[in-house]
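Subject: Handing over the two-chain model

Hi there,

Here is the structure I promised to pass on to you. Please open it alongside this email, and I will walk you through what turned up.

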Amino acid sequence: MAAQSTIEQREPTAPARTPAPAARRRGSAGGGLLRFVQSTWRPAAVLAAIFVAWWAVTAADLVKPYLVPAPGTTLDVVLAQTGYFAHHTWITTYETILGFAIAIVVGVLSAVVMVYSPTVEKSLYPLLLFAQVIPKIAIAPLFIVWLGFGLTPKVVVAVLMAFFPIVISTVTGLKSIDPEMLQLSATMGAGPGQTFRKIRFPAALPHLFSGLKVAATMAVTGAVVGEFVGANEGLGYVILQANGNLDTPTLFAGLLIMSLLGVVLFVVVELLEYFVLPWHASRRTDAATTSL
Amino acid sequence: MTVGNTTTQRPADATATGAAVEIDQVAVRFRTKKKDVTALRDVSLRIEPGEFVSIVGASGCGKSTLLKLVSGLLRPSSGQVRLHGEDVRGPRRDIGYVFQRAALLEWRTARKNILLQAEMRRLPKAQVRQRVDELIAMTGLTGFEDAYPNELSGGMQQRVALCRALLHRPPVLLMDEPFGALDALTREQMNVELRRIWRETGTTVLLVTHSIAEAVYLANRVIVMTPRPGTVAEVIDVDLPVERDYGQTMSEPEFARATGRIRDLLGATTTAE
């Protein structure tokens, strides 16, 4: 429908699709809130339905409260000990963000080196793959032995988890540059640094961001795995403790906060992408209308 | 940086030979996994400053390879390529290059895409701004400066690419099937505009094309190439007036003669298929 009307409006001789692109961009920015609501109400509804189902199951006494606590009970546990939960959430958040940040720096840098040096790529790839396939839960105890009970082993596990998707996506992004673009750059007398900054890196950003979104959720998992193996604080510790005491409300609270942490980090990355890549194909109004 | 010069005002070009482009006994061989491929063999050409030369030939005959040689993006396996009397040994900056696809950066507006050329060359901003305005007016992009590539039609995108290629007033402009992806009508419009732009700038142009009409309408000389391994089959002088009205040119006997001759050559060399 929309496509049809634009064709009718177009003058037969006018070569361009949109006579006022500036106005269109402004318009799409103003409709941002509306589109946010349009795109979020469905998942929000599904989430609400799950909570209602959870509440209904517990309210109808279908399962024993010590197996599945009611949503209200879980919330009460959190409200009764806000300080306790805030502290442990903060610890896990800190480990996650630190691990994620280090993974971004190390991941992007190694991707760049690998793209520019085939020798490094060939030598590093097996190692990279090895680091990815080895179960983190299995090597986490080793990190505790090596690095102690503190923050470091958790951050290391988080880095290990988050690093791989970042490297792979950045390598793919940097390699998928149109070779003509690089030739063009050469005829402009651009050095490798200029070509990288102005052409290659920005072109790789859409790939990089999809890697970052995966990595953000992996970082949370990494931090919690680290805590499971040996810790005296953090959400992983909270869950282990609650499990040991058969304290399912605290266990559920810990799980929910942990999931929320992953979701928040994911949304932050997505928001960042929204502002960094306003030009990307996924953001075009045509694409938005077809997805509705 | 002298922004005001054109080919006619470049005495430096007149070193040794005076030709804008010289290709001397050039051959290009590629080695693939299965076999060695000869893309070009025994190509010799001489293009004078300010000339408009079209190159036509069957697909895969090495037309684009020829442009890559002139720009220094590719080195010949044997023979020599000279630009303004200088041996080409690596990518040259004193050329403008237009590809079949506009090759625009999606995240930059039309104006910013044109300015990429200036940024890479570190040209002074004040001078460049005026030059960009000039080019935008010359190519009919006025009103679309702030549009992003995805908001522009194919023809408009190619205009942006042309502006980008002309920004630094290159003495030689290399065009690799620049209008190949456009519809027939837009293509004719672009032909007329390119002819006008060429006359306004005085740049030497090498145009690779699949369209015989386009080749003849635009050029002073048309180089017809043989299929792979490509070499020059014949060079056809186009004896048409400098002032070329599109419709009128099409009905000139000289236009019919030139296109007919090219068609014969290309037909004769492809009947083997």
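How many residues lie between strand 1 and strand 2 of chain B in the hairpin that they form? The answer is 4 residues. Before going further, please keep in mind that this is a predicted model.

**The sheet with the hairpin**

That hairpin belongs to an open sheet in chain B, where 4 strands are arranged in the order 2-1-4-5 with antiparallel pairing. The edges are taken by strand 2 (36–47) and strand 5 (86–87) of chain B, and each of these pairs on one side only.

If you follow the sheet across, strand 1 and strand 2 of chain B are joined by 8 bridges and run antiparallel. To find your place there, look for Val28(B), whose bridge partner in strand 2 of chain B is Leu40(B). Strand 1 of chain B also pairs with strand 4 of chain B, again in the antiparallel sense, over 5 bridges. Here Val21(B) is opposite Leu83(B) of strand 4. Leu83(B) is a handy landmark for the next step too, as it stands opposite Glu86(B) in strand 5 of chain B. Strand 4 (residues 78–83) and strand 5 of chain B are linked by 2 bridges and run antiparallel.

A helix goes with this sheet: helix 1 (residues 63–71) of chain B packs on it, touching strand 1 (21–31), strand 2 and strand 4 of chain B. The direction of helix 1 makes about 115° with that of strand 1 of chain B.

**The six-stranded sheet**

Chain B has another open sheet, this one of 6 strands in the order 6-7-8-3-9-10, and its pairing is mixed. Strand 6 (95–98) and strand 10 (232–237) of chain B stand at the edges with a single partner strand each, so one side of each has no neighbour in the sheet. From one strand to the next, the twist averages 15°.

For a parallel pair in this sheet, look at strand 3 (residues 52–56) and strand 8 (residues 204–208) of chain B, which 4 bridges join. Val53(B) has Leu206(B) in strand 8 of chain B as its bridge partner.

**Where the chains meet**

Now for the interface. The contact takes in 26 residues from chain A and 29 residues from chain B. Together the two chains bury about 2,900 Å², of which 59% is on carbon and sulfur atoms.

As for polar links, 5 residue pairs are in polar contact across the interface of chain A and chain B. On the side of chain A that touches chain B, the elements giving two or more residues are helix 2 (21–30), helix 9 (179–187) and helix 10 (192–229) of chain A. Helix 9 of chain A supplies the largest share of that side, with 7 residues. Sorted by class, that side of chain A has 13 nonpolar, 7 polar and 6 charged residues.

There are 25 salt bridges over all chains in the whole structure. One pair crosses between chains, running from Arg101(B), in the loop between strand 6 and helix 2 (110–121) of chain B, to Glu180(A) in helix 9 of chain A. The side chains of Arg101(B) and Glu180(A) meet at 3.7 Å, N to O. Between chain A and chain B the count is 3 salt bridges.

I hope you enjoy looking around.

Best wishes

Methods. Residues are numbered from 1 along each chain as its sequence is written. Chains are lettered from A and ligands numbered from 1 in the order in which they are written. This is a predicted model: local features need pLDDT of at least 70, side-chain atom pairs count only at pLDDT 80 or more; totals for chains, interfaces and linings use all residues. Side-chain values use heavy atoms; hydrogens and water are left out. Two strands pair if DSSP finds at least two bridges between them. Axes are lines fitted to C-alpha atoms, for helices over the stretch in contact, and angles run from 0 to 180 degrees between N-to-C directions. Contact means heavy atoms within 4.5 Å. Buried area is the accessible area (1.4 Å probe) that two parts lose on being put together, summed over both. A salt bridge is a side-chain nitrogen of Lys or Arg within 4 Å of a carboxyl oxygen of Asp or Glu. A polar contact is a pair of N or O atoms within 3.5 Å; within protein, one must be able to donate a hydrogen and the other to accept it, and residues adjacent in sequence count only if both atoms are side-chain atoms. Ala, Val, Leu, Ile, Met, Phe, Trp, Tyr, Cys and Pro count as nonpolar, Asp, Glu, Lys and Arg as charged, and the others, Gly among them, as polar.
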